[in-house]
Amino acid sequence: MQGTFRRENALNYTCTRDRGITVTAARAIVQGISKDGGLFVPERLPAYTPEDLQAMQGMDYVGRACKILSDFLPGFSADEIRECVSAAYAPGKFSGGHPAPVVEVKNGEYPMHVLELWHGPTCAFKDMALQLLPHLLTHSLKKENCDKTAVILVATSGDTGKAALEGFKDVDKTRILVFYPENGVSPMQKRQMNTQEGDNVCVCAIEGNFDDAQSGVKRLFVDQEINAQLDRHGMLFSSANSINWGRLLPQIVYYFSAYCDLLQSGAVKMGDPVNFVVPTGNFGNILAAYYAKKMGLPVHKLVCASNANNVLTEFLRTGVYDRNREFHATISPSMDILISSNLERLLFDATGDDKQVAQWMRQLAETGRYEVDGPTLQTLQNTFAAACCDDGKTKQTIREVFGSAGYLCDTHTAVAVNAYEQYVDETGDKTPTVVVSTASPYKFADAVLSAVSEKYNPADEEFHKVQQLAEETGMAIPAPIAGLQSKPVRFQNLCKKDEMGRFLLRLVGLE
């Protein structure tokens, strides 16, 4: 194997809040989150050379994924990894033949490449990881000699829920329960989840926002009484959110793959740096890009794009993380988040100080606020830039990019494009840039149509808007969206945020 990292070197995982905790990769995937609430991270990262990148350039997506996963999962055989990866990205699962294509968009004075991550079965970037995670979890349970049923808990702001439901649908020895904010997802996202097929799936709306759902799920994970009840009945918790390393790891792959595709197209030469602009709320997607940079991917700047819930923009500019602010329900709901879980992993990597990270997380839980020291902020700003925009700017960006470049963005990708334009205006940086596109425009047809059509009528039925968007833009409706109209609604559950535990116990037959 090329490169400086070798599979024979033992690689374990530790906790962001306590370095004394050490687990195998399989245990990190099965458990999902440390019992103290911290997140699992690899003790070190593989280091890739230009020779490694050259080798990956000649591989397809499955080959690139096998290479990267093998370096993070030394307890898995090469055959096991290829089995998992091949099943996740099997022909036909992702439209167009490439799970993560890079397309050139000539957007006036802001030319860019767009990494499209929404060609999977649920039309969102979460498919890139959640088609793979069930296979990793199944193998991990066997490696841990665990014959229990994994109860997968998910909090979603829209996309993770459907992707997790689809990924774990009818997977043996699993049950999956998804909580989403009742009024915090798009109509299409809600319909995707509530029509989900599968005998082991359940969906429940909560009265609250995504942060309420996420905080509730985290409390369930560390609730000793509920964990004990599950254990007595042959069950254990696991997670499909990006707090689970098995969810985050596959996301590293598409940043390397994008660079390899740029090399193949001649857009960059080996070693040329690129920027990535990532719309993010929970920080997992951009954290994967950060890990790729640390591993040797030639990245100049990572631009963190936020909507009106701009807690991350403020943090990366000032070092102050403060969730004590108005929560905005926006047209980019997958980013409507004020508590960004994966930021904890970044702070751990930047400081190497588990005790300090634990202290910041305590402050966040108790006061809703913490502030990092000057050297830590400088370390972050050496890699990250940040920008945000509101709904009005988001719609304007959708309209302008479609008008000038003929490219139709969803409401999250448009936030990233707007952030990229702000970044270029502020810095003059003309480094080749990849904007990460996280969802199909048809998942947010109402907002996208209102941005590009003079005939938009908010009172029209959702699928009428989908059809109108196709007619006016010429962009084909993805098959998974088109097929939703005829699917029956299975779930109409609703609970208060403090009733999530009781709902869970009823689901698994313990109450």
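In the predicted model, Gly96 is located in the loop that connects α4 (78-88) with β4 (102-105). With a relative accessible area of 84%, above the 50% limit, Gly96 is classed as exposed. Gly120 follows 24 residues later in the sequence, and the C-alpha atoms of Gly96 and Gly120 are separated by 9.7 Å in space.

Confidence was examined along the chain. The mean pLDDT of the protein chain is 95, and a value of 70 or more is reached by 98% of the residues. Residues 1-8, by contrast, have a pLDDT below 50; this stretch nevertheless makes 26 contacts in the model beyond near neighbours in sequence.

Two loop residues were noted for their backbone geometry. Most residues other than glycine have a negative phi. Asn145, although not a glycine, adopts a positive phi of about 50 degrees. Asn145 belongs to the loop between α6 (133-143) and β6 (149-155) and is exposed, its relative accessible area being 72%. Asp170 likewise is not a glycine and has a positive phi, here of about 60 degrees. The loop holding Asp170 runs between α7 and β7, and a relative accessibility of 48% places Asp170 in the partly exposed class, because that class extends from 20% to 50%.

Arg19 is part of strand β2 (residues 18-23). Its relative accessible area is 43%, so Arg19 counts as partly exposed. Outside the four places on either side in sequence, Arg19 is in contact with Thr14, Phe348, Gly352 and Asp354. Arg19 and Lys355 stand 336 residues apart in sequence, whereas the distance between their C-alpha atoms is 8.7 Å.

The nonpolar interior was then considered. In soluble globular proteins, nonpolar side chains tend to be buried together. The largest nonpolar core comprises 139 residues, and Leu73, Phe179, Ile252 and Phe276 have the most contacts inside it. The greatest contribution to this core comes from helix α11 (residues 245-265), which supplies 13 residues. A second core, separate from the largest, contains 39 residues, among them Val114, Cys123, Ala385 and Ala470.

Burial was also examined in helix α8 (residues 187-194), where Met188, Gln189, Gln192, Met193 and Asn194 are buried. The elements covering these buried residues include the helices α7, α20 (462-473) and α21 (479-482), together with the strands β7 (174-181) and β8 (201-207).

Among the open spaces, the largest pocket has a volume of about 460 Å³. Its lining consists of 20 residues, of which Arg17, Lys218, Ile339, Met361 and Ala365 are the closest to the pocket centre. Two or more lining residues are contributed by each of α9 (210-221), α14 (343-351) and α15 (354-367). In terms of residue class, the lining of the largest pocket is made up of 8 nonpolar, 5 polar and 7 charged residues.

The second largest pocket encloses about 370 Å³ of space. Sixteen residues line this pocket, and Gln31, Lys35, Phe221, Asn227 and Phe237 are the closest to its centre. The elements α1 (25-31), α10 (224-232) and β9 (235-239) each provide at least two residues of this lining. Of the contributing elements, α10 gives the most, with 4 residues. The lining of the second largest pocket divides by class into 7 nonpolar, 4 polar and 5 charged residues.

Enclosed space was assessed separately. The structure contains 3 cavities of 30 Å³ or more, and the volume of the largest cavity is about 260 Å³. The lining of the largest cavity is formed by 24 residues, with Phe125, Lys126, Gly281, Asn282 and Ser334 nearest its centre. At least two residues of this lining come from each of α7 (159-168), α11 and α12 (284-295). By class, the lining of the largest cavity comprises 7 nonpolar, 14 polar and 3 charged residues. Helix α11 thus supplies residues to the lining of the largest cavity and also gives the most to the largest nonpolar core. Helix α7, in turn, contributes to the lining of the largest cavity and is among the elements covering the buried residues of α8.

Methods
Residues are numbered from 1 along each chain as its sequence is written. This is a predicted model: local features need pLDDT of at least 70, side-chain atom pairs count only at pLDDT 80 or more; totals for chains, interfaces and linings use all residues. Side-chain values use heavy atoms; hydrogens and water are left out. On a 1 Å grid over the protein atoms alone, a cavity is a set of points where a 1.4 Å probe fits but cannot get out, and a pocket is an open set with protein on both sides within 12 Å along at least five of seven lines; lining residues have an atom within 4 Å of a point. Grid points are joined across faces, edges and corners, and a volume is the space filled by probe spheres set on the points. Ala, Val, Leu, Ile, Met, Phe, Trp, Tyr, Cys and Pro count as nonpolar, Asp, Glu, Lys and Arg as charged, and the others, Gly among them, as polar. A nonpolar core is a set of buried Ala, Val, Leu, Ile, Met, Phe, Trp, Tyr and Cys residues joined through side-chain atoms within 4.5 Å. Buried means under 20% relative accessible area, exposed over 50%, partly exposed in between (1.4 Å probe, protein chains only). pLDDT is the predictor's confidence in each residue, from 0 to 100. Contact means heavy atoms within 4.5 Å.
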